[in-house]
Amino acid sequence: GTKQPVDTRPMIECHHRFLASGSCEEVRLFFSTIAALMLATPAHAGVVRIEARLSDDAQSLELRYRAPRGVQELPLFGQGEAVQAWWSRQAQAADGCTILRPGMLQLRQGCTEARVRIALATLGAQAHYEPAQPLGDGASDGGVVSYVGYWLTAVAGHGLRVTLIPPPRGRVLWQGRWTGRAVHWALKADEVTAALAPDDQGDAARPTLGHHQTIYLGRAPSRALPGGGRLVFDARLPAAVVDTVEATLKETIEGLTDAFGEGPGGPVGVMMVQISGDRFIGNVSGGRSMTLNIIGSGAERAAVRGQIQRFVRHEVTHWWDAGVRQSDPQASWLGEGNAEWWALRLGVAQGASLDGARSELEIALNRCLQMATSLPPKLRDWQGYPPAMYPCGMSLMALAQGSRRPQGMGLRELAGLYPKNSVLTPDGVAAWAGADFARVLDAPSFTPALAAAYRDKGWAQDEPLDATRLPNPPSRLRLVPERVAFLFTPPSL
């Protein structure tokens with residue numbers, strides 16, 4: 001089309017008035033906007049490009065970083081102690097252009113890309129996410145489970161593009177999608193800049209970078225899950241363990257979807273790693289991804305099989321309390337307690353023993369009363385993730401449910417505790433459960449208030465630990481079977 005001339009007279013007149021009197025708001029706004037954009041945007045905005053792949057020998061995760069023009073330093077997105085620790089322990093420069101610094105990688109003068117090699121290892125640090133955890137053994141069926149937030153870099157004013165490259169004859173598991181093709185995700189420069197600038201709630205915008213997810217690259221065997229998801233597992237795990245996990249995943253996903261009326265919103269990805277030790281370790285991250293660190297021995301015993309089932313139910317529940325719905329992340333006992341309580345309720349619904357569930361609650365209650373004495377006396381003052389959050393959280397959620405519905409409660413009603421369009425907070429639980437629960441939450445000393453609540457309801461009685469050897473023996477709380485059975489079943493049963 002024909003270019004139309006632009007009438008600049010109003011701007012010129014306004015400019016003159018602005019210079020003369022400072023009263024021209026239009027020009028003031030114009031120049032301030034231009035200045036802000038000049039400060040916020042580099043002269044040559046580019047893209048930080050990252051490629052991740054499994055090494056040919058399946059012993060390391062290989063990362064290739066390409067920096068935009070003029071950028072010589074690529075800061076790691078995560079800057080916490082855990083990131084610093086693994087960076088110095090597992091990461092190595094893989095070429096002459098790369099210098100590893102605390103919390104960043106630096107390119108030598110004249111270089112435009114850096115290469116980093118991360119040796120595969122299970123850190124188990126704080127039972128949290130792993131930078132590069134081996135899954136499987138050897139190049140034929142090996143692979144790597146990796147939490148993206150450990151090695152992601154981003155630079156304000158520049159875009160970001162991440163590519164996950166499957167090994168030959170291998171696959172990528174990303175956001176529940178199991179594919180033999182390369183996976184890409186990208187953000188524009190303004191999206192990266194906004195994500196790197198904390199808002200009033202701290203780092204609330206940061207998940208937009210795609211860092212909070214766990215991915216898999218490798219050749220391990222897998223099985224299909226509902227909704228197009230995938231279970232990837234270590235080939236060395238006994239078939240009985242894989243069968244138990246697969247069946248429990250399917251039953252739990254189905255049960256929670258029915259209770260909440262909706263599922264995770266897309267396919268799920270589960271990575272099942274064999275570890276040594278004496279306990280199971282799991283984590284759930286964004287992108288509907290989950291890692292299950294499983295002890296492979298003893299699965300033929302019913303007790304161990306029951307532990308695996310409860311472990312899986314707990315972790316799957318986190319897809320609902322930190323995805324489908326949201327609970328206050330600052331109240332760690334709330335999220336973990338709900339996961340523990342739902343694991344018991346779902347277990348009974350799926351055929352687990354009612355006596356076994358009662359025993360688990362009794363153990364949790366007494367552990368809470370013992371462990372919480374080392375924490376601040378007021379529940380609201382607990383910080384971080386103390387070990388007591390699991391048994392105390394379960395004991396509190398049982399109390400909340402029983403206080404609201406003394407005749408028993410179905411799972412759909414229990415799911416109604418979570419609001420659909422807001423975050424579940426401790427005050428929200430108190431409003432849902434009623435005055436009995438609120439008194440425990442607000443008590444100046446938590447453990448005596450929790451014990452008194454169970455006694456006052458007739459749910460528990462004091463039982464001496466060793467009445468024959470001590471004049472004033474310590475006691476524990478014993479749950480009264482006929483008074484607490486209603487906690488685990490809907491009213492109709």
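## Strands S1 and S2, and the sheet around them

Let's start with strand S1 (residues 47-54) and strand S2 (residues 60-66): they run antiparallel and are joined by 6 bridges. Within this pairing, arginine 49 sits opposite arginine 66 of S2. Keep in mind as you look around that this is a predicted model.

S1 and S2 belong to an open sheet of 6 strands, laid out in the order S4-S7-S2-S1-S10-S13. The pairing in this sheet is mixed. At its edges you'll find strand S4 (91-93) and S13, each of which pairs on one side only. Going from one strand to the next, the twist averages 20 degrees. As a reminder, strands of a sheet pair through backbone hydrogen bonds, either parallel or antiparallel.

## Strand S14 and its partners

Now for strand S14 (residues 214-218). Here 5 of the 5 residues are buried, so the strand is largely enclosed by the rest of the structure. Both of its faces are covered: Thr214, Tyr216 and Gly218 are buried on one side, Ile215 and Leu217 on the other.

Which strands does S14 pair with? Two of its partners are strand S9 (residues 143-147), antiparallel over 5 bridges, and S11, also antiparallel, joined by 3 bridges. Glycine 218 turns up in both pairings: it is the bridge partner of glycine 143, and it stands opposite arginine 171.

## Aromatic pairs

The structure holds 13 aromatic pairs. One of them brings together tryptophan 174 and tryptophan 185, which are stacked, at 5.9 Å centre to centre with 10 degrees between the planes. This pair links distant parts of the chain, with tryptophan 174 in strand S11 (residues 171-174) and tryptophan 185 in strand S13 (residues 183-187), 11 residues apart. Both tryptophans, 174 and 185, are buried.

Then there's tyrosine 454 with tryptophan 459. Their ring centres are 5.3 Å apart and their planes meet at 85 degrees, so this pair counts as edge-to-face; planes over 60 degrees apart are put in that class. Tyrosine 454 and tryptophan 459 are both buried too. Elsewhere, ring pairs tie Trp86, Trp87, Tyr129, Tyr147 and Tyr150 together into a cluster.

## Helix H11

Helix H11 (residues 426-433) has Pro426, Val429, Ala430, Trp432 and Ala433 as its buried residues. Why do these residues line one face of the helix? Looking down the axis of H11, you'd see them fall within an arc of 165 degrees, so they line one face.

What do the buried residues of H11 pack against? They meet helix H7 (332-349), helix H9 (389-404), helix H10 (411-415) and helix H12 (435-442). Right after H11 comes glycine 434, with a positive phi near 110 degrees.

## Serine 395

One more residue to click on is serine 395, which lies in helix H9. Is serine 395 buried or exposed? Its relative accessibility is 0%, so serine 395 counts as buried; the cut-off for that label is under 20%.

The side chain of serine 395 reaches the backbone nitrogen of leucine 365 at 3.5 Å. Leaving aside residues up to four places away in sequence, serine 395 touches Leu361, Ala364, Leu365, Cys368, Leu450 and Tyr454. Tyr454 has come up already: its ring pairs edge-to-face with that of tryptophan 459.

Definitions and conventions:
Residues numbered from 1 in each chain as written. Predicted model: local features only at pLDDT ≥ 70, side-chain atom pairs only at ≥ 80, totals over all residues. Heavy atoms only, no water. Phe/Tyr/Trp six-rings, centres within 6.5 Å; stacked < 30°, edge-to-face > 60°. Helix = DSSP H or I, 4+ residues; strand = E, 2+ residues; numbered from the N terminus. Buried < 20%, exposed > 50% of the residue type's maximum accessible area, 1.4 Å probe, protein only. Arc of directions from axis to C-beta. Contact = heavy atoms within 4.5 Å. Polar contact = N/O pair within 3.5 Å; in protein donor to acceptor, adjacent residues only side chain to side chain. Pairing = 2+ DSSP bridges. Axes fitted to C-alpha atoms, helices over the stretch in contact; angles between N-to-C directions.
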